[in-house]
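Student: I have a structure open and would like to go through it with you. Can we start with the empty spaces and then move on to the rest?

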Amino acid sequence: MNYFHLPLEEWTNRFVNEWLIPVLGGFFDSISNIVGTFISWVTNLLLFLPAELMALILIFLAWRYAGVGIAVFTFIGSLFLGSVELWDAAMQTLAIVIVATLFSIVIGIPIGIWSAKSPIVNSIVRPILDFMQTLPSFVYLIPAILLFGLGGVPAVISTFVFATPPAVRMTTLGIKQVPTDVVEAARAFGSTYWQMLTKVQLPMAIPTIMAGINQTIMLALSMAVIASMIGAPGLGSVVLAGISRVNVGLGLTGGLGIVVLAIVLDRITQGIGEKTK
Amino acid sequence: MENKIEVKNLTKIFGSNPKEGLKRLKEGQSKEKILDETGLTVGVNQASFKIEEGEFFVIMGLSGSGKSTLIRLINRLIEPTAGEILIDGQNITTMNKTELMNTRRKKLGMVFQKFALFPHRTVTTNVEYGLEIQDVPKEDRNKRALKSIVDVGLKGYEDSYPDELSGGMQQRVGLARALANDTDILLMDEAFSALDPLIRKEMQDELLTLQSKLGKTIIFITHDLDEALKLGDRIAIMKNGHIVQIGTPEEILENPANQYVSSFVEDVDRSKVLVASNIMKKPDVITTWKEGARAAIKKMEDAGLSSIFVVDKQKNLKGLLTIDDAIKAYKNNSWVEDVLIHDYHTTSPDTPLNDLIQIATETKYPIAVVEDEKLKGIIVRVSILSGLTFGKVKEEVTD
């Protein structure tokens, strides 16, 4: 099949090194600063709160939205995280998840709305989302390092890229699922574009959008762990240390910490989603 | 009376090159031929009609006849390809977005086949929707919403959500939502088709009551001839996007414009099976001439009639007394016998309904059903129509 040589690798490297970084480097630096500041705020806030208070907040949310069972699980999970000295690592991971998810929501939902309303936008956005979701997540890590250096910022950026598609897709789906006769009724009564969106389409799409946000959070958590390879602090780096030292115990401890965090986050956000139905 | 709505040559062609289809329609080509040769679908083909203020106008046709497209053209939920729609003399087809929005808000209410309620809103906030988007203050819109909720008989359900209500109740919410805006015109797209027969009949009756109270101009879409006959002041029958006939229920039953209409009418033609005795009312509001003018006037007043049949002791029919004549007789202190009129129609109990339609459209008095000169029953115009519509015996007639 080798009919002609396609130097994609050289082209990409030349593009990145000779154009992207020299020309847009300043732009990426300012993004890096903003995201970095944001991460340190959230991390500092989560670590500033006493672990007991933070645990109580999580237990309360779990009880409120997911029932007594999950509240008990959250209590035991918090005790576990504290007892294996992973509380701080868990909060660092949570901070990356929170920041990345916020970016995903703030950027993903408007794009989702736009592509629900415009077939042209939809036909452009869909292949990009496919690309974002199917490209192996490790592949984003390389440009993320080049453009944003090591640490929390490239972790959040690559997590954002990986976790945004469900927020966009489920928003589009939620709005398209609003029955046509209901949309027709809103039009027949003389709604403006904005009234239609805020009073009819978005409220009716909220359960679907919430399911999308839940997916986004789960993907963000899994990517935040992988991003430890580019220096993201948190539970992922504990597992990574376990791998590099072939330390089974450390790997299992970090791994269980991730499971605890994942279950608590999943059940709470799912519960919030169901309450909106 | 003033024309509330006037539609002139309204046409809708679906497809990528509607102009070509329009040209072919004007040349008189058929819908099938245009579809075959150009792939264009003719939704509505040069429909024209006028609707008076306060009129109940029914558009009837089978599925695919273009009736739902037609009603959506009137408030431009679907953009017309050609033609004009004048509402209170204003051409809605040339309006810009804002004018159209205001016309929809102020003049055109709409009720949908599958209710199309907002599931995330309560009954009250559903009904308030049209006012809310016009920024009517909360208290005011609440008051107006409550009034329409009471009008449609849903008091007590203000805070329920649509999925907690039965189909009939949901459609009442749909109706209240359209009424709350206080528009002159109501567009009703198969509004009762999704309801079961009993609820449907109830809703039809209530709609007629509401209509007589509120005097709305109603355009009502249905695929059901019985419903059309019952509700419509006039009926337009559609086929293949074309209006085949427009007329009063009597005109359509009596003179179907073509084979298509008559095949419809035949389907429900109770006029051939029903006879006069099936639909006549018991003659319980009659008077003997011995009772005098005063008693006759009292009886007419109680029953809400403008004329009354007069019989003798053996129930032999003697004549008809109108209220005007009765009052004259009472004032002049003259005999009832002297002011009786005899130019009413009589019929035998076994006359087919078919033969009575013509008489009923001409006469202004009830028809007397007579056997051996005795008065057996009375037929009023409305019983012929309802007999045709429901084929039911309204009241058991006993001697």
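Student: By class, how many nonpolar, polar and charged residues does the lining of the largest cavity have?

Tutor: Bearing in mind that this is a predicted model, the lining of the largest cavity has six nonpolar residues and three polar ones, with no charged residues.

Student: Which residues are they, then, the ones that line the largest cavity?

Tutor: The lining consists of Leu58(A), Thr74(A), Gly77(A), Ser78(A), Leu81(A), Trp87(A), Val260(A), Leu261(A) and Val264(A). Two elements of chain A, α3 (68-83) and α11 (248-275), give two or more residues each to that lining, and the largest share, four residues, comes from α3(A).

Student: And how much space lies in the largest cavity?

Tutor: About 70 Å³ lies in the largest cavity, and the count of cavities of 30 Å³ or more comes to four.

Student: What about pockets, how much space lies in the largest one?

Tutor: The largest pocket holds about 700 Å³ of space, and 27 residues line it, with Val139(A), Tyr140(A), Pro143(A), Ala144(A) and Leu147(A) lying nearest its centre.

Student: Which element gives the most to the lining of that pocket?

Tutor: That is α1(A), which supplies eleven residues. At least two residues each come from α1 (8-48), α5 (119-134), α6 (137-148) and α7 (152-176) of chain A, and by class the pocket lining has 22 nonpolar, four polar and one charged residues.

Student: Changing topic, what does the UniProt annotation say for residues 90-269 of chain A?

Tutor: The UniProt record, which is an unreviewed entry, annotates residues 90-269 of chain A as "domain: ABC transmembrane type-1". Over that stretch of the model the chain is 87% helix and 0% strand, and the C-alpha atoms at its two ends are 18 Å apart.

Student: Now the contact with chain B: how many residues does each chain put in?

Tutor: Chain B contributes 24 residues and chain A contributes 16 residues. Between them the two chains bury about 1,800 Å², with 60% of that area on carbon and sulfur atoms. On the chain B side, Leu77(B), His120(B) and Tyr129(B) supply 27% of the area which that chain buries against chain A, more than any other three residues.

Student: How many salt bridges are there between chain B and chain A?

Tutor: The count is two, and one of the residue pairs that form a salt bridge is Glu132(B) with Lys199(A), whose closest N and O atoms are 2.7 Å apart.

How values were computed
Residues are numbered from 1 along each chain as its sequence is written. Chains are lettered from A and ligands numbered from 1 in the order in which they are written. This is a predicted model: local features need pLDDT of at least 70, side-chain atom pairs count only at pLDDT 80 or more; totals for chains, interfaces and linings use all residues. Side-chain values use heavy atoms; hydrogens and water are left out. On a 1 Å grid over the protein atoms alone, a cavity is a set of points where a 1.4 Å probe fits but cannot get out, and a pocket is an open set with protein on both sides within 12 Å along at least five of seven lines; lining residues have an atom within 4 Å of a point. Grid points are joined across faces, edges and corners, and a volume is the space filled by probe spheres set on the points. Ala, Val, Leu, Ile, Met, Phe, Trp, Tyr, Cys and Pro count as nonpolar, Asp, Glu, Lys and Arg as charged, and the others, Gly among them, as polar. UniProt positions are given in the numbering used here, feature names are shortened, and annotations may be inferred rather than shown by experiment. Contact means heavy atoms within 4.5 Å. Buried area is the accessible area (1.4 Å probe) that two parts lose on being put together, summed over both. A salt bridge is a side-chain nitrogen of Lys or Arg within 4 Å of a carboxyl oxygen of Asp or Glu.
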